[in-house]
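Work through the exercises below with the model open. Try each task before reading its solution.

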Amino acid sequence: MSGRLKPGVRATPTPFRFLRALLGRDRPVYIHWAVTTKCNLRCRMCEIWKREAKDELGLDQIEELAAILAEVGCVQVSLGGGEPALREDLPEIVEILMARGLKTRVLTNGVAMTPSLTDRLLARGLGEVSFSLDSLNRERQERIDGVPGTFDKRLKNLVYLAEKLPRRNSLPILNTVVTPDNVGELSGIADMAADIGFYVSFIPIHLPPADESGHRFFGQAPDWRFGKHSEKDLRDVFAHLVEKKRRGAPIVNSTSFLERSVDYLVNGRASWRCRAGELFHSISPQGKVAPCHAFEGVWEIDFRDLPGLIGSPSFLKDVRQRVENCEGCFRPCWAEISFMMLEARALREMVKVQAKARFGGRKVDAAALWRRVDLVVSE
Ligand SMILES: C[S@@+](CC[C@H](N)C(=O)[O-])C[C@H]1O[C@@H](n2cnc3c(N)ncnc32)[C@H](O)[C@@H]1O
Ligand code: SF4
Ligand code: SF4
């Protein structure tokens, strides 16, 4: 199986695709595709690892999917799960998507992201990885993971990735879920990201809705709900992060996202215009397309039906009716697409990040990372 296009077929370059999407605001700019439900961790705030493993798309079907995503004007695909590094054929999947000109990102908890897998992925041209890390404290991180003995392995894999990724044309990000357990560490994690030439993305924890009005998807751990009493402290923390970003810290979240995160964490609601099913979609391991995780198993289509539905007025009306007024989550990948496509400041901030990733020249100081971690671990 090869990811290469047939002779004579050329992928449209990303900037043109993005410009087309920005002007039209009528196509799925971003796709989150869970390539597997299998997972090697038991994270406290996530219930995906409890799900039954089902069939996954094979490489022939993935060729078809990639062609369709390119045809409908998609710009970016994130490969999540479950844990995508558990798929043996992950490098081939990346190659197939990238051959179609789709910007491709792998989301990983890092434990199975071994040096040999990293080498195989980088050899296929992967430059975008989101690496989850919620704490620099070994005990806390392993408590979150629900699996002992993962911390050192994960950090070694992180350092290997940081050192091997090209200094230009790469955009590595640490994904940090914000919970009452790690809220005191956020600034330190941003500093650590800077040590190794990464950005950090802060993800407000998603929990089952307190009053059943919002959407329940993979979030669990209701005891990690921030109460009203935390509001003032949280406002201080996020004001600090906004200021830190303004001064050049590598925080990839838009200012608008950071400003609204406290409302979401405290009240379970943040004001944003969700464009699920229009500007972004979620795809299951079996190739079912839903507007977002909240519609998985509830309202889905086969990926082969996408070209006929994208741009159809009746499909659009249906999607809008279902998604209208839903403020059921504040996932950065989705909310940021809406901000970027609908708000000049967020677009400017994202263009700056992309330009820096392309031309900036990352610096990696692994010794600084280990010093920082040692300090926290021995506290
Ligand atoms: C579901 S995981 C899939 C990819 C991979 N297994 C990983 O952990 O990076 C994608 C991201 O969602 C985050 N996540 C898990 N549970 C969450 C929750 N309840 N609220 C917000 N984000 C969560 C993870 O930490 C990770 O950064
Ligand atoms: S957050 Fe990622 S690593 Fe953790 S259980 Fe969920 S899918 Fe697995
Ligand atoms: S706010 Fe949008 S992305 Fe989030 S659950 Fe609702 S429809 Fe889905």
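A residue counts as buried if 20 or more other C-beta atoms lie within 10 Å of its own, as exposed if 12 or fewer do, and as partly exposed in between, with C-beta atoms placed from the backbone. This is a predicted model, in which local features need pLDDT of at least 70 and side-chain atom pairs count only at pLDDT 80 or more, while totals for chains, interfaces and linings use all residues. Residues are numbered from 1 along each chain as its sequence is written, and chains are lettered from A and ligands numbered from 1 in the order in which they are written.

**Exercise 1. Burial and backbone**

Task: Find whether Ala 221 is buried or exposed, and state its phi.

Solution:
- Step 1. Locate Ala 221: the loop between β6 (199–204) and α8 (231–246) holds it. Helices (H or I, at least four residues) and strands (E, at least two) are DSSP runs, numbered from the N terminus.
- Step 2. Count neighbours. Ala 221 has 20 other C-beta atoms within 10 Å, so it is buried.
- Step 3. Read the backbone. Phi of Ala 221 is near 65 degrees, a positive value in a residue other than glycine.
- Step 4. Set this against the background. Most residues other than glycine have a negative phi, and most peptide bonds are trans.

Task: Repeat this for Asn 169, buried or exposed?

Solution:
- Step 1. Asn 169 sits in the loop between α6 (151–164) and β5.
- Step 2. Asn 169 counts as partly exposed because it has 13 C-beta neighbours inside 10 Å.
- Step 3. Its phi is positive, about 60 degrees, although Asn 169 is not a glycine.

Task: Which residues does a cis peptide bond join?

Solution:
- Step 1. The bond joins Gly 81 and Gly 82, with omega about 20 degrees.
- Step 2. Gly 82 belongs to the loop between β2 (76–80) and α3 (90–99).
- Step 3. Gly 81 and Gly 82 also appear among the residues around ligand 2.

**Exercise 2. The ligand shells**

Task: Describe the residues around each ligand.

Solution:
- Step 1. Fix the cut-off: a residue is near a molecule if its C-beta atom, placed from the backbone, lies within 6 Å of it.
- Step 2. Fix the classes: Ala, Val, Leu, Ile, Met, Phe, Trp, Tyr, Cys and Pro are nonpolar, Asp, Glu, Lys and Arg are charged, and the others, Gly among them, are polar.
- Step 3. Take ligand 1. Of its 19 surrounding residues, Cys 46, Ser 132, Asn 175, His 206 and Gly 219 come nearest. Strands β3 (103–108) and β5 (171–178) are the elements that give two or more residues to this shell. The class split is 10 nonpolar, 8 polar and 1 charged.
- Step 4. Take ligand 2. Its shell includes Cys 39, Cys 43, Cys 46, Trp 49 and Asn 109. There are 6 nonpolar, 3 polar and 1 charged residues.
- Step 5. Take ligand 3. Cys 274, Cys 292, Cys 326, Gly 328 and Cys 329 come nearest among 12 residues. The classes are 9 nonpolar, 2 polar and 1 charged.

**Exercise 3. Strand β7**

Task: Which strands pair with β7, and in what sense?

Solution:
- Step 1. Two strands pair if DSSP finds at least two bridges between them.
- Step 2. Strand β1 (residues 30–34) pairs with β7 in the parallel sense over 4 bridges. Tyr 30 stands opposite Phe 280.
- Step 3. Strand β8 (residues 288–290) runs antiparallel to β7, joined by 2 bridges. Here Ser 282 stands opposite Ala 290.
- Step 4. The β7–β8 hairpin has 4 residues between the strands, and Gly 287 takes a positive phi near 90 degrees.
- Step 5. Check the faces of β7 (residues 280–283). Phe 280 and Ser 282 on one side and His 281 and Ile 283 on the other are all buried.

**Exercise 4. Contacts of Val 323**

Task: Which residues does Val 323 touch?

Solution:
- Step 1. Place Val 323 in helix α11 (residues 313–323).
- Step 2. Val 323 is buried because it has 20 C-beta neighbours inside 10 Å.
- Step 3. Two residues are in contact if their C-beta atoms, placed from the backbone, lie within 7 Å. Leaving out residues up to four places away in sequence, Val 323 touches Cys 274, Ala 276, Gly 277 and Pro 291.
- Step 4. Cys 274 is also one of the nearest residues around ligand 3.
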